[in-house]
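Trainee: Please pick one part of this model and take me through it slowly. I'd like to hear what sits around it, and what sits around that in turn.

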Amino acid sequence: MTHPPQSPTRTVGLPVDADLVEPGVDRPTLSSLLPALSGSLGQDWPDGCAERLGLPRADRVCLVLVDGLGHVNLSERAGHAPFLRGLVRTSEPLTSTFPSTTATALGSLGVGAGPGATAMLGYTVRDPATGRLGNLVSWTDLPPAREWQPEPTVFERLVAAGVGVTSVGPARFAGSGLTEAALRGATYRVAESLADRVDATLDALRRPGLAYLYWGDVDKAGHHHGWGSWQWGDALADLDAELGRLARSLPRGTLLVVTADHGMVDVDRRARWDVATDPVLSADVALVAGEPRASHLHLRPGADADAVAERWRGRLGDAAVVVTRDDAVDAGWFGPVGERARQVLGDVVVAMTGRATVVDSATQTPASLDLVGVHGSLTRHEMLVPFLVVQKGS
């Protein structure tokens with residue numbers, strides 16, 4: 001795998017009282033997890049990820065990724081999860097990517113590198129070749145996935161080394177753009193219900209290798225009802241029961257790891273700005289990419305990024321951290337940044353604090369504007385993800 005050159009790192013002055021997590025600082029990252037699990041399976045990885053995460057050797061490894069299950073969210077609602085709460089209370093979380101969103105996080109998880117290597121930099125991104133807004137989840141208005149993200153995945157590297165890799169998920173994700181970009185290389189097994197996915201995973205683990213199970217209903221409940229809702233609690237309880245069954249049924253000697261792509265905050269409608277109707281925010285901005293908690297501002301030709309950033313700071317105040325692209329890159333928000341990713345990044349990058357959002361009603365759908373739970377920014381609720389480890393006794 002080739003990686004872009006390392007950038008010098010300097011701080012951009014995150015507010016110390018805003019409950020924010022500086023990306024990649026003082027904590028292992030989500031991008032180190034699959035390389036570490038490869039090390040557990042006996043496959044060497046250049047930077048010693050397995051040793052840094054303290055993972056033991058195993059013939060069989062099971063990775064469960066629960067979409068939207070942040071470490072803080074789980075900790076604060078652990079009463080719904082008798083199996084998981086015993087693990088989360090004694091664990092230290094991983095740090096997700098910035099933006100803390102599914103496409104970006106899965107890209108970094110799957111490739112074992114930051115978003116500066118994958119160019120998977122938000123829910124929506126500007127395609128440099130067309131200038132159009134593309135969606136990395138539905139993979140619309142974008143080039144083929146292998147062109148956008150050509151780096152080899154960890155799954156591809158494992159398979160090339162003779163390790164069996166099985167990915168378990170819904171039919172609609174088989175061969176999708178996001179799967180091809182982030183998680184290609186595995187044998188894909190279709191299973192819809194969580195119980196069926198657990199059964200398929202257990203079947204795959206009858207043989208040595210790695211099995212990856214994805215579950216998205218916790219995230220879905222959070223988006224529509226909020227992570228503080230009873231619906232989110234029920235989704236967590238259902239998940240907990242099946243993960244407990246999975247852990248009890250694993251073959252002896254199996255290493256089980258449960259993590260997530262990101263966490264979530266519930267929006268405050270009183271702290272929402274709309275670029276489409278706000279003349280201060282829209283000035284010199286040609287296109288807004290990303291999502292309501294983490295925006296990439298692509299400016300009109302000739303516009304001054306420093307001036308736009310200062311204008312946004314004045315408008316949003318302490319509801320946002322607003323930096324230029326160069327400052328975000330130099331601070332290491334995206335890891336080492338290659339030329340492909342640099343062209344995708346906005347001229348100005350905006351990370352919301354608290355429960356505030358910035359939307360663009362000119363490009364976002366009414367349904368997306370109505371979401372209760374959102375993510376993407378730098379708060380602990382969004383950035384910290386579980387790192388729960390169980391090893392079935394041999």
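Mentor: Let's start with a word we'll need: two residues are in contact when they have heavy atoms within 4.5 Å of each other. Keep in mind that this is a predicted model. Its average pLDDT is 94, and 93% of the residues score at least 70. Residues 1–10 are a stretch to treat with care, as pLDDT stays under 50 there.

Our part is helix α5, residues 102–111. A residue counts as buried when its relative accessible area is under 20%. By that cut-off, ten of the ten residues in α5 are buried. Among them are Thr102, Ala105, Leu106, Leu109 and Val111. Right after the helix comes Gly112, and its phi is positive, near 75 degrees.

So what does the covering? The list includes the helices α1 (33–40), α6 (115–118), α8 (154–160) and α9 (177–182), plus the strands β1 and β7. Let's follow those two strands. They belong to an open sheet of six strands, in the order β6-β5-β7-β1-β8-β18, with mixed pairing. β6 (187–190) and β18 (388–391) stand at the edges with a single partner strand each, so one side of each has no neighbour in the sheet. From one strand to the next, the twist averages 15 degrees.

Now look at one of those edges. β18 pairs with β8 (residues 254–259) in the antiparallel sense, over four bridges. If you want to find the pairing on screen, go to Val257, whose bridge partner in β18 is Val389.

Back to β1 and β7, because another helix meets them: α12 (residues 230–249) lies across β1 (60–66), β7 (209–215) and β8, and runs at about 180 degrees to β1. That helix has a helical neighbour too. The axes of α11 (residues 217–225) and α12 come within 8 Å and cross at roughly 175 degrees. An angle over 145 degrees counts as roughly antiparallel, so that is how α11 stands to α12. On the α11 side, the contact is made by Asp217, Val218, Ala221, Gly222 and His225, while α12 brings Gln231, Trp232, Ala235, Leu236 and Leu239. Here's a handy rule for reading lists like that. An α-helix has 3.6 residues a turn, so residues three or four places apart point the same way.

To recap the route: we began at α5, with its ten buried residues, passed through β1 and β7 in its cover, and came to α12, which lies across both of those strands.

Key:
Residues are numbered from 1 along each chain as its sequence is written. This is a predicted model: local features need pLDDT of at least 70, side-chain atom pairs count only at pLDDT 80 or more; totals for chains, interfaces and linings use all residues. Side-chain values use heavy atoms; hydrogens and water are left out. pLDDT is the predictor's confidence in each residue, from 0 to 100. Two strands pair if DSSP finds at least two bridges between them. Axes are lines fitted to C-alpha atoms, for helices over the stretch in contact, and angles run from 0 to 180 degrees between N-to-C directions. Angles under 35 degrees count as roughly parallel, over 145 as roughly antiparallel, 65 to 115 as roughly perpendicular and the rest as oblique. Buried means under 20% relative accessible area, exposed over 50%, partly exposed in between (1.4 Å probe, protein chains only).
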